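Me: Please look closely at a single part of this structure and describe it with care. Then set that part beside the rest of the chain, for a reader who has not met the structure before.

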Amino acid sequence: MNAASNPNLVRSSTLTRYRLAPNPGPMSLEGTQSYLISAPGEPGVVVVDPGPLDETHLQELAAAGNVELVLITHHHIDHTEASTRFRELTGAPVRALDQAQCHGGDPLTDGETIRAAGVDISVLATPGHTADSVSFHLPEDGPDGSVLTGDTILGRGTTIIAYPDGRLGPYLESLEKLAALGPAKVLPAHGPLLPDLSAICREYAEHRQLRLDQIRAALKELGEQAGVGAVTDHVYNDVDPSVRGAAEASVAAQLDYLRSGNQRPSR
């Protein structure tokens, strides 16, 4: 199938397309969106997050153009399981913030600009969801640019702070860093595209403050040394069992933040 006519490759912005991987679930929503970055008329492409080890998915990504580079937003398996196989298919180097996720390429550096497939790609370290989370800013993608946010910002709902690897303090700082980019288009790894990065960052920060207030209230009722399970039962009493683990990880991250002594004041 010609890449230009492949209905599985969805145009997401002037400089990007994505293919939805066949891995839907409570945490991955409809599935992982593997993005293709390229300037109009360029034969080369950059692939972001090749996703799960599904041969059809990988073959269609590989057929979308001359794959020059593979970039990884973070180490979670729904983003990286296929990295080695995809390098075999394309020969392209795989780069990530974490050396362990690199295959034939150097680790990413916060603040570096990559020129590939006719596009300038700015690397932004955005830890919090995980310690190695990065976002990719395309400043020339439309009037306000776009940002591939991985799991730092989702298209629907809010992301998990995967404690202890992820931490809430760095996550709040990452939201401020992303908000400073203004009304860029949000290209998340899961869920719908969003129109205004700064607005969604504000909503995310407000949600986190609301949850922190709920945790503070729970500790007043349960005792300051209440454990993760008890606080989760109190604050997330209607959570679906399929995402109970995610809720507990988020509670653990919030308790760590509140007990660290360096949290920001509640607003």
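Reply: In this predicted model, an open sheet is built from five strands, arranged in the order E7-E8-E9-E10-E11 with mixed pairing. Its edges are formed by E7 and by strand E11 (185-188), each of which pairs on one side only. From one strand to the next, the twist averages 25 degrees.

Strand E9 (residues 134-138) deserves the close look. Five of its five residues are buried, and the strand is mostly covered. In a regular strand, side chains alternate between the two faces of the sheet. On one side of E9 stand Val-134, Phe-136 and Leu-138, on the other Ser-135 and His-137, and all of them are buried, which leaves both faces covered.

Two strands pair with E9 in ways that can be followed residue by residue. Strand E8 (residues 119-125) pairs with E9 in the antiparallel sense over four bridges. Within that pairing, Ser-122 stands opposite His-137, and Ala-125 stands opposite Val-134. Strand E10 (residues 146-150) also runs antiparallel to E9, and three bridges join the two. Here Phe-136 faces Leu-148 of E10 as its opposite residue. Leu-148 also belongs to a separate core of 21 residues, along with others including Ile-37, Leu-108 and Ile-114.

Ile-37 leads to another sheet, which is open as well and has six strands in the order E1-E2-E3-E4-E5-E6, again with mixed pairing. Strand E1 (9-13) and strand E6 (94-95) are its edge strands, each pairing on one side only. Strand E3 and strand E4 of this sheet are paired antiparallel over three bridges, and Ile-37 has Val-46 of E4 as its bridge partner. The two strands make a hairpin with six residues between them, and Gly-41 in the turn has a positive phi of about 85 degrees.

E4 has Val-46 opposite Leu-69 in E5 as well. Strand E4 (residues 44-48) and strand E5 (residues 66-71) run parallel, joined by five bridges. Like E9, whose residues are buried on both faces, E4 is covered on both faces: Gly-44, Val-46 and Val-48 are buried on one side, Val-45 and Val-47 on the other. Because five of the five residues of E4 are buried, this strand is largely enclosed by the rest of the structure.

Helices contribute to the surroundings of the six-stranded sheet. Helix H3 (residues 83-90) lies across E4, E5 and E6, and runs at about 160 degrees to E5. The loop between E6 and strand E7 (113-116) contains Gln-101. With a relative accessibility of 17%, Gln-101 falls under the 20% limit and therefore counts as buried. Leaving aside residues up to four places away in sequence, Gln-101 touches His-75, Thr-80, Val-94 and Ala-96.

Further along the chain, the picture turns to packed helices. Two packed helices are described by the angle between their axes and the distance between the axes. For helix H5 (residues 197-222) and helix H7 (residues 244-259), the angle is about 80 degrees and the axes are 10 Å apart. H5 and H7 are therefore roughly perpendicular to each other. On the H5 side, the residues that meet H7 are Arg-208, Arg-211, Leu-212, Ile-215, Arg-216 and Leu-219; their counterparts in H7 are Ser-250, Val-251, Gln-254, Leu-255, Tyr-257, Leu-258 and Arg-259. Sorted by class, this contact comprises seven nonpolar, two polar and four charged residues.

In soluble globular proteins, nonpolar side chains tend to be buried together. The largest nonpolar core of this model has 32 residues, and Ile-153, Leu-175, Leu-197, Ile-215 and Val-231 have the most contacts inside it. Two or more residues each come from helix H4 (168-179), H5, helix H6 (228-235) and H7. H5 supplies the largest share of this core, with nine residues. Ile-215 touches Val-231, Val-235, Val-251, Gln-254, Leu-255 and Leu-258, when residues up to four places away in sequence are not counted.

To return to the strand chosen for the close look, E9 has all five of its residues buried, with E8 paired to it over four bridges and E10 over three.

Key:
Residues are numbered from 1 along each chain as its sequence is written. This is a predicted model: local features need pLDDT of at least 70, side-chain atom pairs count only at pLDDT 80 or more; totals for chains, interfaces and linings use all residues. Side-chain values use heavy atoms; hydrogens and water are left out. Two strands pair if DSSP finds at least two bridges between them. Contact means heavy atoms within 4.5 Å. Axes are lines fitted to C-alpha atoms, for helices over the stretch in contact, and angles run from 0 to 180 degrees between N-to-C directions. Angles under 35 degrees count as roughly parallel, over 145 as roughly antiparallel, 65 to 115 as roughly perpendicular and the rest as oblique. Ala, Val, Leu, Ile, Met, Phe, Trp, Tyr, Cys and Pro count as nonpolar, Asp, Glu, Lys and Arg as charged, and the others, Gly among them, as polar. A nonpolar core is a set of buried Ala, Val, Leu, Ile, Met, Phe, Trp, Tyr and Cys residues joined through side-chain atoms within 4.5 Å. Buried means under 20% relative accessible area, exposed over 50%, partly exposed in between (1.4 Å probe, protein chains only).
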